[in-house]
Amino acid sequence: MMELLTSPEAWAALVTLTALEIVLGIDNVIFISVIVSRIPPVQAKRARQIGLLLALVFRIVLLSLLVWLIGLTEPIVTVRGIEFSWRDIILIAGGAFLIAKATHEIHAEVEASHGEPDTEPKASVFFWAIMQIIVIDIVFSLDSIITAIGMAQDLEIMIAAVVIACAVMYISSGPVARFVADHPTTKMLALAFLVLIGVALVADGFKFHIPRGYIYFAMLFAASVELFNVLARRNRRRAARSRQVS
């Protein structure tokens with residue numbers, strides 16, 4: 001342990017891996033923010049905390065099962081010349097789930113019937129929110145930890161990077177969730193991001209890798225445009241109130 005603390009290579013690996021884990025965790029934060037936006041604020045906070053705690057637990061458990069996890073990348077079936085491992089199957093299923101969930105949410109937003117009461121019990125809504133968060137936590141954790149295994153050799157460094165990344169996810173999830181809840185157009189943009197991420201996961205499962213840099217650049221660009229739209233709307237409201245007062 002002392003060797004790791006005094007090793008420049010270990011610290012460099014920790015910083016690099018932590019940064020990568022934080023970037024990979026953005027997908028997790030966006031999904032959780034969209035899911036909790038449909039439940040009451042008190043339950044939303046609990047669901048967010050539970051979801052991020054489970055994300056940390058899943059990542060640490062997967063790290064403790066390194067031998068089994070590495071075995072998930074071994075091909076188990078071949079279809080038309082393409083070899084699929086358990087990891088590929090999980091990524092395809094997880095990506096399909098993300099696409100289906102985001103599409104359903106977009107449909108609900110576009111076809112929303114204002115004024116109709118929500119007849120579904122709050123406990124049931126909370127339960128299903130947690131179940132959906134668990135499913136996607138497993139998918140993102142698997143992708144995140146396999147990436148960590150490829151970048152670092154020491155289990156201590158992997159666990160430290162995962163814990164730091166999850167702490168950053170926890171701190172940022174609250175503001176992100178509030179921003180998504182307060183700005184409906186931002187929620188639609190977040191759902192579009194989830195469709196994009198789902199497509200990338202499915203493509204990875206079929207051995208067609210889409211560089212994540214392209215995806216994150218597109219997300220950053222679209223988010224920047226939306227931020228300017230939010231600021232413009234806020235300035236217009238302030239100008240309208242000023243004219244009413246004068």
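This passage describes the fold, the β-hairpin, the salt bridges and the surface patches of a predicted protein model.

The secondary structure of the predicted model consists of nine helices and two strands. Along the sequence, these elements follow the order α-α-α-α-β-β-α-α-α-α-α. The protein has 246 residues, of which 39% are classed as buried.

The two strands, β1 (residues 75-79) and β2 (residues 82-85), run antiparallel and are joined by four bridges. Together they form a hairpin in which two residues separate the strands. Within this pairing, V79 has I82 of β2 as its bridge partner, while V77 is placed opposite F84, likewise in β2. The turn contains R80, which lies in the loop between β1 and β2. Although R80 is not a glycine, its phi is positive, at about 50 degrees. R80 is classed as exposed because its relative accessible area, 85%, is over the 50% cut-off.

The hairpin also contributes to a nonpolar patch on the surface. This patch is formed by I76, V77, V79, W86 and I89, which together have about 410 Å² of accessible area. Two or more residues of the nonpolar patch come from each of β1 and α5 (86-110). The greatest contribution is that of β1, which supplies three residues. I89 is located in helix α5 and is partly exposed, with a relative accessibility of 33%.

Three salt bridges were found in a search of the whole structure. In general terms, side chains of opposite charge can pair when their charged atoms come close. One of the salt bridges is formed between the side chains of D88 and K207, with an N to O distance of 2.6 Å. This pair links distant parts of the chain, since D88 belongs to helix α5 and K207 to the loop between α8 and α9, with their positions 119 residues apart in the numbering. The two partners fall into separate accessibility classes: D88 is buried, at 2% relative accessible area, whereas K207 is partly exposed, at 49%. K207 also has a positive phi, near 70 degrees, and is a residue other than glycine. The loop that holds K207 follows α8 (184-205) and leads to α9.

Another salt bridge joins the side chains of K101 and E105, with 2.9 Å from N to O. These residues are four positions apart in helix α5, so about one helical turn separates them. K101 is buried, with a relative accessible area of 15%, and E105 is buried as well, with a value of 4%. Both residues are assigned to this class because their values are under 20%.

A further salt bridge is formed by R233 and E226, whose closest N and O atoms are 3.4 Å apart. R233 is partly exposed, with a relative accessible area of 26%, while E226 is buried, with a relative accessibility of 10%.

Charge is also grouped on the surface of the model. A positive patch is formed there by R234, R236, R237, R238 and R241. Among these residues, R237 is placed in helix α9 (residues 212-245). The relative accessible area of R237 is 45%, and R237 is therefore classed as partly exposed.

Definitions and conventions:
Residues are numbered from 1 along each chain as its sequence is written. This is a predicted model: local features need pLDDT of at least 70, side-chain atom pairs count only at pLDDT 80 or more; totals for chains, interfaces and linings use all residues. Side-chain values use heavy atoms; hydrogens and water are left out. Two strands pair if DSSP finds at least two bridges between them. Patches are made of residues with over 30% relative accessible area and no salt bridge: like charges are joined within 9 Å, nonpolar side chains (Val, Leu, Ile, Met, Phe, Trp, Tyr) within 5 Å. Accessible areas come from the Shrake-Rupley method with a 1.4 Å probe; for residues, only the protein chains shown count as cover. A salt bridge is a side-chain nitrogen of Lys or Arg within 4 Å of a carboxyl oxygen of Asp or Glu. Lys and Arg count as positive and Asp and Glu as negative; His and the chain ends are not counted. The place of a charge is taken as NZ of Lys, CZ of Arg, CG of Asp or CD of Glu. Buried means under 20% relative accessible area, exposed over 50%, partly exposed in between (1.4 Å probe, protein chains only).
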